[in-house]
Amino acid sequence: MTARGSGEVSDGTPDIKGLFSALSGEQPRMEEMLGRFVRIESPTDDPEATARMGDEAVSALTDVARGLLNGVSVSRVSGTAAGTLRGPHVLVRVPGAVAREKPLLLLGHLDTVWAHGTLDEIPFRIENGVARGPGVYDMKAGLVQTIWALRVLDRHGLRPRRPLTILWNTDEEAGSAASREFIEAEASEAAACLVMEPSLPGGGAKTGRRGVGILTVRVKGRAAHAGLDPERGINAITELAGVVTAAAALSAPERGVTVNVGLIRGGSRTNVVPAEASADVDIRMDDPESGERLIRALRELGAEHPEAEVHWTGGVNRPALVRNAGVVRLYERARRLAGALDWEIGEGSAGGGSDGNIVAGLGVPVLDGLGPLGDGAHARHEQVVTADLPRRAALLAALLLEL
């Protein structure tokens with residue numbers, strides 16, 4: 001492929017130094033875009049708010065990459081999860097320089113964990129080179145990087161080597177139930193996947209993620225009057241307490257398996273022996289086999305009272321992203337390109353899941369955590385180092401040219 005400007009050298013190797021140089025002067029505009037994005041509050045449970053965020057992101061993409069967008073398609077897709085409308089998600093297709101290649105999938109999300117009104121408490125601001133605000137780190141900065149990676153390619157008359165599919169969904173923070181079908185459909189056609197989620201502490205890429213499962217355990221007992229004839233009842237809450245205590249005991253962090261009982265419900269009145277109780281349980285695992293063994297063990301847990309009934313539902317919703325040969329190849333590409341900027345990009349595993357887990361579960365190589373250097377995902381001190389934005393965008397642009 002021949003470049004019409006700096007950004008790529010004659011042998012086809014991306015000139016990441018040229019890309020970074022071009023983007024460094026754009027840092028103020030990147031910061032301004034980040035501010036616009038953060039000031040649009042987009043909690044997952046508000047489809048209208050996430051749609052506004054999608055409108056702004058698409059507008060910014062169109063505005064900064066008009067030449068590149070010649071031949072690009074932008075569409076909106078919506079889905080439902082348990083009867084709740086999510087979306088619309090944003091789906092962008094960019095033609096590649098080599099049309100017959102399988103596409104590269106780029107993932108991001110438009111939603112945040114922050115409720116409306118958080119911006120009044122934590123306004124967007126940049127102080128001493130650090131941007132703060134709800135959603136700035138997870139993951140509106142990753143959207144900005146994606147847009148500006150395309151912008152710098154456009155500026156130099158370059159296209160990604162492969163066709164590029166960008167999917168920005170609106171329910172990642174809630175488990176991606178409504179967008180999963182779209183993610184899996186695009187991933188099934190992809191050669192590899194890059195995820196613009198925040199980097200690890202210190203800036204490393206994520207070459208592994210624990211799998212995530214959500215299960216609900218329900219215990220059915222028998223109601224009775226708590227004062228007149230309690231012995232005729234079966235206390236579902238008491239029985240549930242024994243079950244969840246045993247479930248928590250299955251946690252084994254040293255083996256990469258954790259169990260967290262996060263929510264309990266039960267009872268109707270204090271003077272009634274409760275007939276029903278339930279709990280929601282979060283499980284994490286380093287590999288699929290560990291998850292299967294853990295779920296089997298949970299489902300074998302019974303109540304102490306012989307007449308109490310225990311029922312488990314749910315399972316793994318995000319399989320583990322395992323550091324395999326395909327993942328390592330993607331990371332080594334990124335590490336080599338970053339090295340040209342005298343930048344040692346590390347790697348590691350994360351306890352939380354992302355949409356990259358869904359893609360990895362289909363056997364597609366995934367490199368996650370390509371987002372900015374920062375801190376505080378889901379926390380009030382959420383922040384991004386703004387000087388890292390041009391560097392990260394340059395790395396992404398170089399990867400799009402090479403992969």
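Two exercises with worked solutions follow, based on a predicted model.

**Exercise 1. The open sheet**

Determine the strand order of the four-stranded open sheet, identify which strands stand at its edges, and state which helix packs on the sheet.

*Solution.*

Step 1. The order of the strands is E4-E5-E18-E17, and their pairing is antiparallel.

Step 2. The edges are held by strand E4 (125-127) and strand E17 (374-375). Each has a single partner strand, so one side of each is left without a neighbour in the sheet.

Step 3. Consider the partner of E17: two bridges join E17 to strand E18 (residues 383-385), and these two strands run antiparallel. Within this pairing, Gly374 stands opposite Val384 in E18.

Step 4. Helix H5 (residues 136-155) packs on the sheet and touches strand E5 (130-132), E17 and E18. The direction of H5 makes about 45 degrees with that of E18.

**Exercise 2. The cavity**

Establish how many cavities of 30 Å³ or more the whole structure contains, then describe the lining of the largest cavity by residue, strand and class.

*Solution.*

Step 1. Searching the whole structure yields one cavity of 30 Å³ or more. The space in the largest cavity is about 30 Å³.

Step 2. The residues that line the largest cavity are Leu107, Gly108, His109, Met139, Glu172, Val195, Glu197 and Asp355.

Step 3. Strand E3 (residues 104-109) gives the most to this lining, contributing three residues.

Step 4. Sorted by class, the lining of the largest cavity comprises three nonpolar, two polar and three charged residues.

Key
Residues are numbered from 1 along each chain as its sequence is written. This is a predicted model: local features need pLDDT of at least 70, side-chain atom pairs count only at pLDDT 80 or more; totals for chains, interfaces and linings use all residues. Side-chain values use heavy atoms; hydrogens and water are left out. Two strands pair if DSSP finds at least two bridges between them. Contact means heavy atoms within 4.5 Å. Axes are lines fitted to C-alpha atoms, for helices over the stretch in contact, and angles run from 0 to 180 degrees between N-to-C directions. On a 1 Å grid over the protein atoms alone, a cavity is a set of points where a 1.4 Å probe fits but cannot get out, and a pocket is an open set with protein on both sides within 12 Å along at least five of seven lines; lining residues have an atom within 4 Å of a point. Grid points are joined across faces, edges and corners, and a volume is the space filled by probe spheres set on the points. Ala, Val, Leu, Ile, Met, Phe, Trp, Tyr, Cys and Pro count as nonpolar, Asp, Glu, Lys and Arg as charged, and the others, Gly among them, as polar.
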